[in-house]
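Thanks for coming. I will take a few minutes to walk through one structure, and I will go place by place.

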Amino acid sequence: MEGLEDGRLLVRAEDTLLGEVVEMPVDMVVLATAMVPAADTEQVAQLFHVTRSEDGFFLEAHPKLRPVETATDGIFLAGTCQGPKDIPDTVAQVSGAASQALGLLQRGSVLIEPITAEVLPLRCVACGLCVEVCPFGAIEMVERRGQKLAEVNPALCKGCGLCVAACRGKAITLHGYSDQQLLLQLGALLRPAELVAIG
Ligand code: SF4
Ligand code: SF4
């Protein structure tokens, strides 16, 4: 606040987008307090594998196409867990999230991705790298016949392929996208001479 101009309050501030100091006479100044995510946001995010924004609030799957959904199926967002918002926005979002949840329950079945990852047990050395990189929490370490190895839950896997790229021992394959299948597709596309050049 800089004082008075023609009996009105004069606000002096920096417009960070323009990089200029601006002044404007106003009738009233309302200061809004800052809002930060709840203290247990990180814990909840880890539990449900929900991603967070730079500010630490929960992040929607897509700001325009899936505004109340998260990257985890069946987990929906509503209210200020997603960031500061007013009551009308919150009420509208709650209605949307409730409709989405109801639709899921009424269908009675869940469609899963046809392309999912699979661990080749004989190659897995249980390094745990795939568990760390999977953004959907679809991989866990299990024990089979005394051997520790990674296992993919196909109901959670979205087929993103991150684990396949991360596994140094090539112990994970994506259904329909094995090295052999990709090479065969290339073979069908390229002329024999080009194949020889690549090989
Ligand atoms: S990254 Fe590969 S080797 Fe390591 S635990 Fe996962 S599947 Fe096994
Ligand atoms: S393909 Fe993607 S979603 Fe599926 S297990 Fe691998 S990293 Fe997770």
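**Around ligand 1**

I start with the ligand. The residues that surround ligand 1 are C124, V125, A126, C127, G128, L129, C130, A150, C167, A171 and I172. Please keep in mind that this is a predicted model. What kinds of residue make up the shell around ligand 1, in terms of nonpolar, polar and charged? Ten are nonpolar, one is polar, and none is charged.

Now to a pair of strands. Strand β5 covers residues 139-144 and strand β6 covers residues 147-152. The two run antiparallel, and six bridges join them. To place that in the sequence, I139 has V152 of β6 opposite it, and E140 has E151 of β6 opposite it. Two residues sit between the strands of this hairpin, and R145 takes a positive phi there, near 50°.

After β6 the chain enters a loop that leads to α4, residues 162-166, and N153 is in that loop. Is N153 buried, exposed or partly exposed? With a relative accessibility of 35%, N153 counts as partly exposed. For a sense of distance, take N153 and V29, which are 124 residues apart along the chain. Their C-alpha atoms are separated by 54 Å.

Next, the salt bridges. How many salt bridges does the count come to? The count is six. I will go through three of them.

The first on my list is R8 with D27, where the closest N and O atoms are 3.1 Å apart. This pair links distant parts of the chain: R8 is in strand β2, residues 8-15, while D27 is in the loop between β3, residues 20-26, and α1, residues 41-48. The two residues are 19 apart. As for accessibility, R8 is partly exposed at 35%. D27, at 67%, counts as exposed, because the cut-off for exposed is over 50%.

Next on my list is E23 with R12, whose side chains meet in a salt bridge at 3.1 Å, N to O. E23 lies in strand β3 and R12 lies in strand β2, so this salt bridge ties together parts that are eleven residues apart in sequence. E23 has a relative accessible area of 48%, and therefore counts as partly exposed. R12 is also in the partly exposed class, at 45%.

The last one I will describe is D179 with K170, again a meeting of side chains, at 3.1 Å from N to O. D179 has a relative accessibility of 45% and counts as partly exposed. K170 is partly exposed too, with a relative accessible area of 49%.

K170 also comes up for its backbone. Some background first: most residues other than glycine have a negative phi. K170 is not a glycine, yet its phi is positive, about 50°. Where does K170 lie? K170 is in the loop between α4 and β7.

H49 is another case of this kind. H49 is not a glycine, and its phi is positive, at about 55°. The residue lies in the loop between α1 and α2, where α2 covers residues 87-107. With a relative accessible area of 34%, H49 is partly exposed.

I will finish at the surface. Which residues make a nonpolar surface patch of about 240 Å²? They are I115, Y177 and L182. Of these, let me place Y177: it is in the loop between β7, residues 172-174, and α5, residues 179-189. Why can Y177 belong to such a patch as far as accessibility goes? A patch residue needs over 30% relative accessible area, and Y177 has 42%, so it is partly exposed.

To recap the places visited: a shell of ten nonpolar residues and one polar residue around ligand 1, the antiparallel strands β5 and β6, three of the six salt bridges, the positive phi of H49 and of K170, and the patch that includes Y177. That is my part done.

Notes:
Residues numbered from 1 in each chain as written. Chains lettered and ligands numbered in written order. Predicted model: local features only at pLDDT ≥ 70, side-chain atom pairs only at ≥ 80, totals over all residues. Heavy atoms only, no water. Patch = residues over 30% accessible without salt bridge, like charges linked within 9 Å, V, L, I, M, F, W, Y side chains within 5 Å. Areas by Shrake-Rupley, 256 points an atom, 1.4 Å probe, with all protein chains shown as cover. Salt bridge = Lys/Arg side-chain N within 4 Å of Asp/Glu carboxyl O. Helix = DSSP H or I, 4+ residues; strand = E, 2+ residues; numbered from the N terminus. Buried < 20%, exposed > 50% of the residue type's maximum accessible area, 1.4 Å probe, protein only. Near = heavy atom within 4 Å. Nonpolar A, V, L, I, M, F, W, Y, C, P; charged D, E, K, R; others polar. Pairing = 2+ DSSP bridges.
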